[in-house]
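Please open the model in a viewer and keep the selection tool at hand. The tour below moves from the whole chain to individual side chains.

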Amino acid sequence: EEASELRDFHSIYRVTQRKALHELTEDIEKVRNLKRTARVTITRERGMEMRLRKAHDEIKFAHEAEQDRKEMKHQLMQLEAAIKQKEKEVEEERELEARREAAYRRRQENKNKERIQKIKQELMSKHKKHMFALDLQRQRLLWRRTRMRNIE
């Protein structure tokens with residue numbers, strides 16, 4: 001009977017050990033699964049953090065690009081305004097130069113007209129003097145001729 005009890009005890013002991021071993025194995029599996037889940041969760045969180053950081057960086061970059069675009073647009077508008085102003089100044093300078101040139105030409109034409117007028121007056125004066133001298137000479141010749149006729 002003792003042998004039977006001993007067998008029963010050993011049997012119960014083995015069953016209990018198996019059960020405890022099985023429970024320990026399950027606990028170890030649960031711990032492994034929990035650790036694996038924790039690693040997966042940490043990896044997911046890191047991935048999400050990286051994606052969030054990347055998205056944040058992209059938003060920041062887009063914002064900076066937008067600021068740069070606005071600044072460049074502002075600079076472009078300033079340059080266009082400066083170019084228009086310069087073109088306006090150049091056009092005004094051209095018009096002023098054209099007016100100066102026209103005034104110079106008018107003065108030159110007036111000077112030329114005055115010179116021509118003086119030359120004409122001189123020529124007319126010379127012509128009158130010449131005509132007067134010719135008339136005088138003609139009169140002398142006529143006077144001589146008549147005198148010569150009278151003397152004859």
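Begin with the charges: the chain carries 41 positive and 30 negative charges, and their mean positions lie 21 Å apart. In this count, Lys and Arg are positive and Asp and Glu negative, while His and the chain ends are not counted. The place of each charge is taken as NZ of Lys, CZ of Arg, CG of Asp or CD of Glu.

This is a predicted model, in which local features need pLDDT of at least 70 and side-chain atom pairs count only at pLDDT 80 or more, whereas totals for chains, interfaces and linings use all residues. Residues are numbered from 1 along each chain as its sequence is written, and side-chain values use heavy atoms, with hydrogens and water left out.

**The whole chain**

Display the chain as a cartoon. How many helices and strands are there in the chain? The chain has one helix and zero strands; helices (H or I, at least four residues) and strands (E, at least two) are DSSP runs, numbered from the N terminus. The radius of gyration is 63 Å, well over the 15 Å that the globule rule gives for 152 residues, so the chain is more spread out than a compact globule. That radius is taken over C-alpha atoms, and the globule rule is 2.2 Å times the number of residues to the power 0.38.

Reduce the display to the C-alpha trace, which spans about 215 × 20 × 5 Å along its principal axes. Then switch on the surface: the chain exposes about 15300 Å², of which carbon and sulfur atoms supply 57%. Accessible areas come from the Shrake-Rupley method with a 1.4 Å probe, and for residues only the protein chains shown count as cover. Buried residues make up 1% of the 152 residues. Buried means under 20% relative accessible area, exposed over 50%, and partly exposed in between (1.4 Å probe, protein chains only).

**Patches towards the start of the numbering**

Select Glu1, Glu2, Glu5 and Asp8, which form a negative surface patch. Patches are made of residues with over 30% relative accessible area and no salt bridge; like charges are joined within 9 Å, and nonpolar side chains (Val, Leu, Ile, Met, Phe, Trp, Tyr) within 5 Å. Within this group, Asp8 is placed in helix 1 and counts as partly exposed, at 44% relative accessibility.

Next select Leu6, Phe9 and Tyr13, a nonpolar patch on the surface with about 340 Å² of accessible area together. Phe9 belongs to helix 1, which covers residues 2-151. Is Phe9 buried or exposed? Phe9 counts as exposed because its relative accessibility is 52%.

**Two distances to draw**

Draw a line between the C-alpha atoms of Lys30 and Asn112: these residues are 82 apart along the chain, and the atoms are separated by 118 Å. Lys30 lies in helix 1 and is exposed, with a relative accessible area of 52%.

Draw a second line from Glu29 to Arg138, which are 109 residues apart in sequence and 156 Å apart in space, C-alpha to C-alpha. Glu29 is also in helix 1, and its relative accessibility of 35% makes it partly exposed.

**Salt bridges**

Side chains of opposite charge can pair when their charged atoms come close. The structure holds six salt bridges, each defined as a side-chain nitrogen of Lys or Arg within 4 Å of a carboxyl oxygen of Asp or Glu. Three of them are worth a stop.

- Select Glu91 and Arg94, whose closest N and O atoms are 3.3 Å apart. The two are separated by about one helical turn because they are three residues apart in helix 1. Glu91 is partly exposed at 35%, whereas Arg94 is exposed at 53%.
- Select Glu97 and Arg100, which meet in a salt bridge at 3.7 Å, N to O. Both are partly exposed, Glu97 at 39% and Arg100 at 45%.
- Select Asp135 and Arg138, paired at 2.9 Å, N to O. They are three residues apart in helix 1, and so about one helical turn separates them. Arg138 is partly exposed at 46%, as is Asp135 at 29%.

**A positive patch**

Finally, select Arg106, Arg107, Lys111, Arg115 and Lys118, which gather in a patch of positive charge on the surface. Lys111 lies in helix 1 and is partly exposed, with a relative accessible area of 45%.
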